[in-house]
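User: Could you take a close look at one part of this model for me, the ligand site, and then walk outwards into whatever surrounds it? I work at the bench, so plain talk is fine.

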Amino acid sequence: MFTPQGPSFRELAVQALSSVEHGYDLLATKFDATPFRTSDRVLTAVTDTLRPLGPFATGLDLCCGTGAGLSVLEEVCTDRVTGIDFSAGMLEEARQAHPTATLIRADALTLPFTPSFDLAVSFGAFGHFLPRDRPRLFTQLHASLRPGGLLAFPQPAPARVGSRDYWTLWSFDAVMRVRNALWRPKFVMYYRTFRLADVVRDLRETGFEVTLHPMEGLGFREDGSPVCRLVAARKV
Ligand SMILES: C[S@@+](CC[C@H](N)C(=O)[O-])C[C@H]1O[C@@H](n2cnc3c(N)ncnc32)[C@H](O)[C@@H]1O
């Protein structure tokens with residue numbers, strides 16, 4: 001994590017003691033050198049899995065950060081591509097990397113859109129929303145999509161109980177819970193609260209039809225299940 005281009009331990013600690021919005025402002029110029037930026041491997045696998053679900057004209061990247069998901073939209077959409085994020089610093093980085101995209105500073109829980117998008121994607125950001133805020137978040141996305149529009153995002157298989165990944169994510173969430181009990185402003189970021197079954201239920205209750213698609217480019221586990229699925233939620 002601590003490459004010469006990336007943030008120092010001290011910079012990450014200062015970020016983690018800030019609010020989510022200010023924390024990302026502080027991290028923005030070095031964000032792409034952290035493992036928090038969605039990898040090109042995942043972006044390519046999403047692009048490949050999305051293509052047959054199109055065509056798409058307009059696209060929205062929710063919580064776009066420095067613009068990882070905008071590259072996916074630029075590949076699969078034939079018309080206007082838009083990113084929203086509430087961090088001005090992250091948007092500035094996205095603006096430099098994606099000069100033709102429309103970039104809007106907004107809170108994902110109060111999106112400023114009419115039903116105008118054929119495709120909405122989001123990467124690496126759902127951990128910033130508490131489960132109780134998820135129905136509101138999905139309602140905002142539903143209202144931003146045209147009838148027949150698609151919300152799509154990758155959902156990795158859960159780490160096996162007892163594995164190293166399992167304990168890493170468990171420990172991260174535990175540290176964040178302690179931090180948020182003791183410190184203000186809160187920094188909401190939990191890895192283990194976005195569970196597939198709950199998410200599919202919330203999407204269906206919002207009015208989406210949900211299908212799951214193996215992201216073949218990321219491979220399969222020993223039991224034959226995909227390492228990562230694309231959740232595709234269609235507005236009916
Ligand atoms: C881990 S970064 C992911 C960035 C990018 N999507 C990627 O995959 O590389 C999470 C992003 O979500 C944004 N974010 C978190 N909560 C938000 C909210 N309520 N409204 C808008 N943006 C939010 C942060 O500012 C940050 O840019």
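**The ligand site and what surrounds it**

Analyst: Let's start with the overall layout: the C-alpha centres of domain 1 and domain 2 lie 23 Å apart. Keep in mind that this is a predicted model. Domain 1 is 1–36, while domain 2 is built from two stretches, 38–158 and 195–235. Where the two touch, domain 1 puts in nine residues and domain 2 puts in 11. On the domain 1 side of that contact you'll find five nonpolar residues, one polar and three charged.

Now the ligand. Its shell takes at least three residues from each of the two domains. There are 21 residues around the ligand, and the ones that come nearest are Thr-38, Cys-63, Gly-65, Phe-123 and Gly-124. Sorted by class, that shell holds 12 nonpolar, six polar and three charged residues. Two helices, H2 (20–27) and H4 (68–76), each give at least two residues to the shell.

Cys-63 deserves a second look. This residue sits in the loop between E1 and H4, and its phi is positive, about 60 degrees, although Cys-63 is not a glycine. Cys-63 is also buried, because 22 other C-beta atoms lie within 10 Å, where 20 or more is the cut-off.

One step back along the chain is Leu-62, part of strand E1 (residues 59–62). With 24 C-beta neighbours inside 10 Å, Leu-62 is buried too. Leaving out residues up to four places away in sequence, Leu-62 touches Ile-84, Ala-108, Ala-120, Ser-122, Ala-125 and Leu-141. The C-alpha atoms of Leu-62 and Val-121 are 6.2 Å apart, although 59 residues separate the two along the chain. Val-121 has its own set of contacts, again leaving out residues up to four places away: Asp-61, Gly-69, Val-72, Leu-73, Ala-152 and Phe-153.

Those names lead straight into the largest nonpolar core. This core has 50 residues, and the members that touch the most other members are Leu-62, Leu-73, Leu-119, Ala-120, Val-121, Leu-151 and Ala-152. Both domains give residues to the core, so it lies between them. As a rule of thumb, nonpolar side chains in soluble globular proteins tend to be buried together.

Back to H2, one of the helices that help to make up the ligand shell. Its buried residues are Gly-23, Tyr-24 and Leu-27. Looking down the axis of H2, you'd see them fall within an arc of 95 degrees, so they line one face of the helix. In general, an α-helix has 3.6 residues a turn, so residues three or four places apart point the same way. The partners that the buried residues of H2 pack against are helix H1 (9–16) and helix H5 (88–97).

Moving on to the later stretch of domain 2, there's helix H8 (residues 196–206), whose buried residues are Val-199, Leu-203 and Thr-206. They span an arc of only 60 degrees around the axis, which puts them on the same side of H8. The other side of H8 has Ala-197, Asp-198 and Glu-205 exposed. Among the elements covering the buried residues of H8 are helix H6 (134–144), strand E6 (208–214) and strand E7 (228–235). Just after H8 comes Gly-207, with a positive phi of about 115 degrees.

A few prolines are worth marking on your printout. Pro-55, in the loop between helix H3 (40–50) and E1, follows a cis peptide bond from Gly-54, with omega near 10 degrees. Another cis peptide bond joins Arg-184 to Pro-185, where omega is about 0 degrees; Pro-185 belongs to the loop between helix H7 (164–182) and H8. Then there's Pro-226, in the loop between E6 and E7. Pro-226 has 18 other C-beta atoms within 10 Å and is partly exposed. Its contacts, not counting residues up to four places away in sequence, are Ala-157, Pro-214, Met-215 and Phe-220.

So, if you want one thread to follow on screen, start at Cys-63, one of the residues that come nearest to the ligand, step to Leu-62 in strand E1, and carry on into the 50-residue core.

Definitions and conventions. Residues numbered from 1 in each chain as written. Predicted model: local features only at pLDDT ≥ 70, side-chain atom pairs only at ≥ 80, totals over all residues. Near = placed C-beta within 6 Å. Helix = DSSP H or I, 4+ residues; strand = E, 2+ residues; numbered from the N terminus. Nonpolar A, V, L, I, M, F, W, Y, C, P; charged D, E, K, R; others polar. Domains from an automatic or database assignment. Contact = placed C-beta atoms within 7 Å. Buried ≥ 20, exposed ≤ 12 C-beta atoms within 10 Å, placed from the backbone. Arc of directions from axis to C-beta. Core = buried A, V, L, I, M, F, W, Y, C linked by C-beta atoms within 7 Å.
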